[in-house]
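Open the model in your viewer and keep the selection panel to hand. The tour below goes from one selection to the next and says what is there.

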Amino acid sequence: MSEKPRVAFYWCASCGGCEEAVVDLAEEILNVVSAVDIRFWPVALDFKKHDVEAMPDQDLLAAFINGAIRSSEQEEMAHLLRRKARVVVAFGACAQLGGIPGLANLYPRGEVLAAAYRESPSTVNESGILPSAASRDNGHELHLPEFWARVKPLDQVVPVDYYVPGCAPTPNIIRGALAGLLSPEPPPPASVLAPDHALCEECPRRDSKPEKLLIPKFVRPHQIAAREDTCLLAQGLVCLGPATRAGCEALCVKGNMPCSGCFGPTSRVRDQGGKALSGLGAVIEASEEEAIEAAIEGVPDPAGTFYRYSLAASLLGGVAKQA
Amino acid sequence: MPDEKFEPTIVAFFCNWCTYLAADLAGTSRMKYAPNVRVVRLMCSGRVDAQFVLDAFARGADGVLIGGCHPGDCHYQEGNYKTLRRVALLKRLLAQMGIEPERFRLEWISASEADRLKTVVNEMVEQVRALGPLRPKLAQEQVEEAVHT
């Protein structure tokens, strides 16, 4: 028996980028492996669900779960890992806030399935079959996980002890989170394991942000050649830095792209999209209705822009009315 | 289906310097208007964070009304302009969220325009009544009622 703390990694509705982020620790992954005993990690190791079920409850120090919850299978695994682990970590933007998959909450379930299985240009599905929880084929009963009507962040399904933000979490953030968890004095419960201030505060272009920020109109990244030394918001780009938690070291801004908000809000903000919209809406220069409408043409998809990663965790959670 | 007995709830954010005083004037003048508004007094319409509006809808408001000073009359010079810009974006966002435009309204109503307040409130209550309840289905309920739709 190993005395090292036992941990599990699992993925739900996600792209695999969070798994990649762990592997991206490169040589440092060896430090992780030497510090903990990985008991379950479907993407990398050959343990099965029954191995998890066989563990005593609370056997794992921590379960790192990435991805949002959108099917009965994911919900079941979240409950199972919650039972087996003393600490559950929502790892990455999808587990924390619903992430990109959460944007599906703008559409009813039926439309999501139709778009994915019938209408997408690369799909051939002449008989229009949609996945269903139970079906019969050649006399055999077949079962699939249920596809829920809404995408949920992990903490709407099981209690979550810590959040590791990011799409995907950066090596520094992961390193800090692991160190915190393994330290004799773990961080306060329910905390987001990243700094609690806005990205602007650690932005290398911070000094170029004008004291009174006013912009004639919003522009999209492909419409201008953004200067590399000036605040992107001041150039009219929708940069969510003011409404996003710091900790990523402004990676996107360093690549001359505006922040899209993957680290989520700070602890003082309930709804990242609402806050971002309020802050950015106020910096438009125009005062006449028509001119304002023209200025916001550069934000053709406000929900997808301001809630890129947080729609499922937002106050409304998605469409207010389902068709 | 509009329900005949349905009484909409309208959450109203009124500026302390104008629309709230108009509501006061309507009261002291014994004017009658629909009792469906729940008024929240703020120092300026510019204080209305989009989160307030979203929260009101999430908690069961059928409509949200913001009342501020006419352009040029803001007690803080430009708070109402900030509101106007935010509201333009918020209207587009709410449309994406499936919330009908009649449910969210921004009006400039000065302290002396009690009549206008009465008209706006009555008009909005009737419009929202005709639309029926919003009843946002929050994530929890949606998953419970789950799938077979």
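Start with both chains shown: the contact between them takes 33 residues from chain B and 35 residues from chain A, two residues being in contact if their C-beta atoms, placed from the backbone, lie within 7 Å. This is a predicted model, in which local features need pLDDT of at least 70 and side-chain atom pairs count only at pLDDT 80 or more, while totals for chains, interfaces and linings use all residues. Residues are numbered from 1 along each chain as its sequence is written, and chains are lettered from A and ligands numbered from 1 in the order in which they are written.

**The chain B side of the contact**

Select α2, α3 (79–96) and α5 (139–145) of chain B, the elements that give two or more residues to the side touching chain A. Helices (H or I, at least four residues) and strands (E, at least two) are DSSP runs, numbered from the N terminus. The largest share of this side, 11 residues, comes from α3(B). Colour the side by class and you get 20 nonpolar, 6 polar and 7 charged residues. Here Ala, Val, Leu, Ile, Met, Phe, Trp, Tyr, Cys and Pro count as nonpolar, Asp, Glu, Lys and Arg as charged, and the others, Gly among them, as polar.

**Helix α2 of chain B**

Now select residues 50–58 of chain B, which form α2(B). Which helix of chain A packs on α2(B)? It is α9(A), residues 272–281, at an angle of about 145° and with the axes 7 Å apart. Axes are lines fitted to C-alpha atoms, for helices over the stretch in contact, and angles run from 0 to 180 degrees between N-to-C directions.

Show side chains at this spot: A:G274, A:K275, A:L277 and A:S278 of α9(A) meet B:A50, B:Q51 and B:L54 of α2(B). By class, this helix contact has 3 nonpolar, 3 polar and 1 charged residues.

B:A50, B:Q51 and B:L54 are also among the buried residues of α2(B), together with B:V53, B:A56 and B:F57. A residue is buried if 20 or more other C-beta atoms lie within 10 Å of its own, exposed if 12 or fewer, and partly exposed in between, with C-beta atoms placed from the backbone. The cover over these buried residues includes α9 of chain A, along with β1, β3, α3 and β4 of chain B. Past the end of the helix, pick B:G60, which has a positive phi, near 110°.

**The sheet under α2(B)**

Within chain B, α2(B) lies across β1, β3 and β4, and runs at about 150° to β3(B). Select those strands and add β2: the four form an open sheet in the order β2-β1-β3-β4, with parallel pairing. Two strands pair if DSSP finds at least two bridges between them. β2 (37–42) and β4 (104–108) of chain B are at the edges with a single partner strand each, so one side of each has no neighbour in the sheet. From one strand to the next the twist averages 20°.

For a pair to zoom in on, take β1 (10–15) and β3 (63–68) of chain B, joined in the parallel sense over 5 bridges. B:A12 stands opposite B:L65 of β3(B).

**Chain A**

Hide chain B. Chain A has 11 helices and 10 strands, and 45% of its 323 residues are buried.

Select the open sheet of 6 strands, which has the order β2-β1-β3-β5-β9-β10 and parallel pairing. Its edges are β2 (37–40) and β10 (191–192) of chain A; each has a single partner strand, so one side of each is left without a neighbour in the sheet. Next to the β2(A) edge, β1(A) (6–11) runs parallel to β2(A) and is joined to it by 3 bridges. One bridge pairs A:A8 with A:F40 of β2(A).

Then find β4 (69–71) and β8 of chain A, which run antiparallel and are joined by 2 bridges. A:S71 has A:F147 of β8(A) as its bridge partner. In β8(A), residues 147–152, 5 of the 6 residues are buried.

**Last stop: domains of chain A**

Colour chain A by its domain assignment: domain 1 (6–100 + 150–192), domain 2 (109–148) and domain 3 (199–306). These bounds come from an automatic or database domain assignment. Between domains 1 and 3 of chain A, 10 residues of domain 1 are in contact with 8 residues of domain 3.
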